Amino acid sequence: MTGLEQWWQALRDGFAHGAPLQLDMQVVVIVVVAAAALSVPRATWRWFGLYVTFVHELGHALAALMTGRVVRGIRLRLDHSGEMISAGRGTAGSVWSGFWGYPAPAVAGALMVWAASAGWAGAALSLGAAMLLVSLLFIRNGWGMLIALVCAAVAQALVVFLPPANVGVVVLVLGIALLVGAVRDWFKVAAVHGGRGDRRSSDAYLLSRMSGVPSFVWLTGFALVIGAAAFWGTTALGSVVG
C-alpha cells in the first residue's frame, strides 16, 4: 500500500462510529491541563493561536459560502491577524460571513468535544484534516501558506499515525483548546474596543460599518455564541467522565 493509499484508507476509516469516550476524572483533569497548556501560556499560544486564527478565517469563509458568496482568498499572518476576501451581492451575506469569525473556533471546539464524547472523534479528525487540505486552495500569501501547510500536515499525520485508542483524547484536547482560544480572542477584541488598540481592523467595527448596528452589539453576539458553545462543550465533557 502506497503512502497516499494509506492516508486515504485512514481518512475513510476515521468516519466509522466508535464507542463513546469514557475517562476517569484524573485523566479528564490531565486533558484539561493539556488543553490549557496549548492555549494559555504565551510561549505555546504564539503557535497554537495561529491555528485558532486559521479556524477563525475558515469560519468567515464557510459562512460566506452559505450565502452564495465566492471566496476569493484567505490571508494569515504571524501576528495572529488574518483576512478572508469574498465577493457577492447584498449586505446580508457580508454581515453573515463577517459575524462567524470569532465564534468559529468555539463552535468547532464544542463540536470536537461532543464528537469525542459521542464516539465520532475519528470523524471529527478526518473531516478537519480534509477541510484543512481543501483550504490550501484559498490561501493567498506566503506566511499564510506556511501556516496552513503546517496545520494541514499535522492533521494528516494525526489521521494516519495516531493510534485509534488515542484519537478521542487528542480530539478532546484540541476541542477544549479551541474553546479556550475563542474566549481568549474575544477578550482581546473587547480590549481593542475598550481603547487598547486600533479597532478599525476589528470584525465588530467592520460589521458596524456595514450594518449600522453598534460594535458592542456585535461583541455581545460573539460572546453569546462563544458562551453557548462553551456550555455545550462543558456539558459534553461532563458526559465523558466514567
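In this predicted model, helix α3 carries a kink of about 35°, and the bend is centred on F48. The helix itself covers residues 42–66, a run of 25 residues. At 1.5 Å a residue, a helix of this length should span 36 Å, and the C-alpha atoms at its two ends lie 35 Å apart, so the expected and computed spans agree. Just after α3 comes G68, whose phi is positive, at about 85°.

Attention can now turn to how helices pack against one another, beginning at the N-terminal helix, α1. Helix α1 is made of residues 3–13, and its partner here, helix α7, of residues 142–161. Their axes come within 8 Å and cross at roughly 80°. An angle from 65 to 115 degrees counts as roughly perpendicular, and α1 and α7 are therefore roughly perpendicular to each other. On the α1 side the contact is made by Q6, W7, A10 and L11, while α7 brings Q156, V159 and V160. Sorted by class, this contact has 5 nonpolar and 2 polar residues, with no charged ones.

A second pair is formed by helix α2, residues 25–39, and helix α8, residues 164–193. Here the axes are 8 Å apart and the packing angle is about 45°, which makes α2 oblique to α8. The crossing of these two helices is right-handed. From α2, the residues in contact are V31, V32, A34, A35, L38 and S39. They meet V169, L172, V173, L174, I176, A177, V180, G181 and R184 of α8. The contact of α2 with α8 has 12 nonpolar residues, alongside 2 polar and 1 charged.

The third pair lies further along the chain, where helix α9 (residues 203–211) packs with helix α10 (residues 215–240). The angle between them is about 125°, and their axes are 8 Å apart. At that angle α9 and α10 are therefore oblique to each other, and α9 passes α10 in a right-handed crossing. Helix α9 contributes D203, A204, Y205, L207, S208 and S211 to the contact, and these meet S215, W218, L219 and F222 in α10. By class, the contact of α9 with α10 is made up of 6 nonpolar, 3 polar and 1 charged residues.

How values were computed. Residues numbered from 1 in each chain as written. Predicted model: local features only at pLDDT ≥ 70, side-chain atom pairs only at ≥ 80, totals over all residues. Heavy atoms only, no water. Helix = DSSP H or I, 4+ residues; strand = E, 2+ residues; numbered from the N terminus. Expected span 1.5 Å × (residues − 1). Bend = angle between axes of the 7 residues up to and from the residue. Axes fitted to C-alpha atoms, helices over the stretch in contact; angles between N-to-C directions. Parallel < 35°, antiparallel > 145°, perpendicular 65-115°, else oblique. Left-handed = near helix turned anticlockwise from the far one by under 90°. Contact = heavy atoms within 4.5 Å. Nonpolar A, V, L, I, M, F, W, Y, C, P; charged D, E, K, R; others polar.
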